[in-house]
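Subject: Handover of a structure and findings

Dear colleague,

Please find below the structure that I am handing over to you. I would be grateful if you could read the notes that come after it alongside the coordinates.

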Amino acid sequence: MRPLRATGGGATMEEGCGTPVAGGRLRGPGAFDGAAERRTAMTVCEVCGNDYARGFDVHIDGAVHSFDCVECAAHLLAPTCENCRCRILGHGLEAAGRFFCCAHCARTRGVRELADSVA
Ligand SMILES: [Zn+2]
Ligand SMILES: [Zn+2]
């Protein structure tokens, strides 16, 4: 899944706001050894293909996925609400493999045993 995205500025988008990270704190162990610009295990985003020095890995269900930003991670990993089709970025609700963003959506689809605290 590699949708075309305008990511030309992706590599510089966060340059101004971040601390000059020496160790790449978002990276997994061993992915970055701390030496400036010494990029050993390349983190190429699975979604957009951006090769970003401060990318990060996500370990889920025994697999490891690499991303350059949280948005790309959500694009690939976040479940989709069965009712409204939004990406579930919060806790969400799950019933028998069906995902919903909220109890309202679950009820709309006939799943009544789910309830969240803000229904
Ligand atoms: Zn990406
Ligand atoms: Zn929903």
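The notes below cover confidence, overall layout, the hairpin, the nonpolar cores and one helix residue.

Please note that this is a predicted model. The mean pLDDT of the protein is 75, and 60% of the residues reach 70 or more. Over residues 7-25 the pLDDT is below 50, although this stretch has 14 contacts in the model beyond near neighbours in sequence. Residues 30-39 likewise stay under 50 in pLDDT, and the model has 12 contacts for them beyond four places in sequence. Where pLDDT is low, the predicted coordinates should not be read in detail. Among the elements of the protein, strand 2 has the highest mean pLDDT, at 95, while the lowest, 89, belongs to strand 3 (residues 93-95).

As to the layout, the protein contains two helices and four strands. Read from the N terminus, the order of the elements is β-β-α-β-β-α. Of the 119 residues, 19% are buried. Among the contacts with a separation of 6 or more, 25% are between residues 24 or more positions apart.

The opening pair of elements deserves a separate paragraph. Strand 1 (residues 56-60) pairs with strand 2 (residues 63-67) in the antiparallel sense, over five bridges. Within this pairing, Phe56 has Phe67 as its bridge partner, and His59 has Val64. The two strands form a hairpin with two residues between them. Asp61, in the turn, has a positive phi of about 50 degrees.

Both Phe56 and Phe67 also belong to the largest nonpolar core. This core has nine residues in all, the others being Cys45, Val47, Cys48, Tyr52, Cys69, Cys72 and Ala73. Another core, of eight residues, lies apart from it and includes Cys81, Ile88, Leu93 and Cys102. As general background, nonpolar side chains in soluble globular proteins tend to be buried together.

Finally, Glu71 lies in helix 1 (residues 70-77). Glu71 counts as partly exposed because it has 16 C-beta neighbours inside 10 Å, whereas a buried residue would need 20 or more and an exposed one would have 12 or fewer. Glu71 is 24 residues from Val47 in sequence, and their C-alpha atoms are 9.5 Å apart in space. Val47 is itself one of the residues of the largest nonpolar core.

With kind regards

Definitions and conventions: Residues are numbered from 1 along each chain as its sequence is written. Chains are lettered from A and ligands numbered from 1 in the order in which they are written. This is a predicted model: local features need pLDDT of at least 70, side-chain atom pairs count only at pLDDT 80 or more; totals for chains, interfaces and linings use all residues. A nonpolar core is a set of buried Ala, Val, Leu, Ile, Met, Phe, Trp, Tyr and Cys residues joined through C-beta atoms within 7 Å. Two strands pair if DSSP finds at least two bridges between them. pLDDT is the predictor's confidence in each residue, from 0 to 100. Two residues are in contact if their C-beta atoms, placed from the backbone, lie within 7 Å.
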